[in-house]
Amino acid sequence: MNTTATRRFHRFCLSTLVAVYVLVLIGSLVRSTGSGMGCPDWPKCFGGWAPPTRVEQLPTDYKEKYAQYRDKKNQKFARFLTAIGMKSTADQLLADPAVMVEQDFNARKTWTEYINRVAGVIVGFMFMALVGLSWGLRKTDPRVLQGAVAALVIVIIQGWFGSIVVSTNLTTWTITVHMLFAFVVVALLVWLMDRTGKPSSTDLSPSKYLLLAGMAAILIQTLLGTQVREVIDTVSGTLDRKDWIANTGSEFIIHRTFSWVVLGIMVMLWLKWRKMPVEKTLSVIPFLLILCSLLSGVVMAYFAVPAVLQPVHLALAVISFGWFFQAFLMANKSRGEVVK
């Protein structure tokens, strides 16, 4: 299946994956700088396709106006949650007064969020192009088309859910769900790349379950990290930045302790690969990713959670997950075999 169309699709799939990683980095920067509500409406920003630069450009009652706009959207979302059996969550959402708090206009935060949205639109168009490229492979491998369409659908849902994150005023559980969608998108892109790429000459099958454990550990560690982030969101309004970590409680301790599990899996993988004919590049990448991720976590813990490091920390986790999934797919193949 190594045709020109397949190679073109594979290269563009790689470009799209890189773009998704960059978008995760930008989105996390929005989160760490508190810019998530820089635009109180969606998909426009303060009612326009280009955001304002001064508060004087907004009506005097802009807070009330956009609070009402978000309330209507939340009412619809609450009805959706009730319809799928999540009535208690819907009631909690509608009863939370913090959801309706409107922030003062801040040009820096507004433009930070706006850049995030522009980047999201660009990535969305890339997924549309990916579906177009996969159409040429529908006869030789229809699963590629199916996977590309599935990825586009998830991205569309991700975009819609992004509007829910905004309308609920960055409710913590919605941010976590939003992040999990990113992991699904990464997994689909990695699967498409694996399916259309050249078969590897390296046999990773003996490491299959260890790779699966590493992938699961990174996902769990990321979810534990979201719990720490939720606590920080709570204490950040009343404490100085240098006191955040000291007041995160058991959530941070569990997150920090579980990092040893991730490191332990990496050590076991390294010891196993020392006895196998594994390419040096393949073996070095995961160790560098995990090491940098752990180091960034240590720096955040001891240096007052620098805002610039938070996006790097999350992006490294997502990239590590993508690498482990790719290696797991390789391990599921026999040497030189292409899955049909």
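In the predicted model, C45 is buried, with a relative accessible area of 1%. Its partner is C39: the two residues form a disulfide in which the sulfur atoms lie 2.0 Å apart. C39 is likewise assigned to the buried class, at a relative accessibility of 0%. The torsion about the S-S bond is -80°, and the link between C39 and C45 is accordingly left-handed. The structure holds 1 disulfide in total. Two further cysteines were assigned by accessibility. C13 has a relative accessibility of 0% and counts as buried, whereas C292, at 39%, counts as partly exposed.

Aromatic contacts were then examined. The count comes to 13 aromatic pairs. One of these is formed by W111 and Y114, whose ring centres are separated by 5.4 Å and whose planes meet at 75°, an edge-to-face arrangement. Both residues belong to helix α4, which comprises residues 107–135, and because W111 and Y114 are 3 residues apart in α4, about one helical turn separates them. The two members of the pair fall into separate accessibility classes. W111 has a relative accessible area of 32% and is partly exposed. Y114 has a relative accessible area of 19%, and since the buried class covers values under 20%, Y114 is buried.

A second pair consists of W160 and F161, with ring centres 5.9 Å apart. The planes of W160 and F161 are inclined at 65°, so this pair is edge-to-face. Here W160, at 35% relative accessibility, counts as partly exposed, while F161 is buried with a relative accessible area of 5%. W160 and F161 are also members of one aromatic cluster, which is completed by F77, F80 and F181.

The geometry of helix α4 was considered separately. The helix contains 29 residues, and at 1.5 Å a residue the expected span is 42 Å. The end C-alpha atoms of α4 are 42 Å apart, so the span in the model agrees with the expected value. At the start of α4, a contact links a side chain to the backbone: a side-chain oxygen of N106 comes to within 3.0 Å of the backbone nitrogen of R108. Helix α4 thus carries the W111 and Y114 pair, and the contact from N106 to R108 is placed at its start.

Conventions: Residues numbered from 1 in each chain as written. Predicted model: local features only at pLDDT ≥ 70, side-chain atom pairs only at ≥ 80, totals over all residues. Heavy atoms only, no water. Phe/Tyr/Trp six-rings, centres within 6.5 Å; stacked < 30°, edge-to-face > 60°. Helix = DSSP H or I, 4+ residues; strand = E, 2+ residues; numbered from the N terminus. Buried < 20%, exposed > 50% of the residue type's maximum accessible area, 1.4 Å probe, protein only. Expected span 1.5 Å × (residues − 1). Polar contact = N/O pair within 3.5 Å; in protein donor to acceptor, adjacent residues only side chain to side chain. Disulfide = S-S within 2.5 Å.
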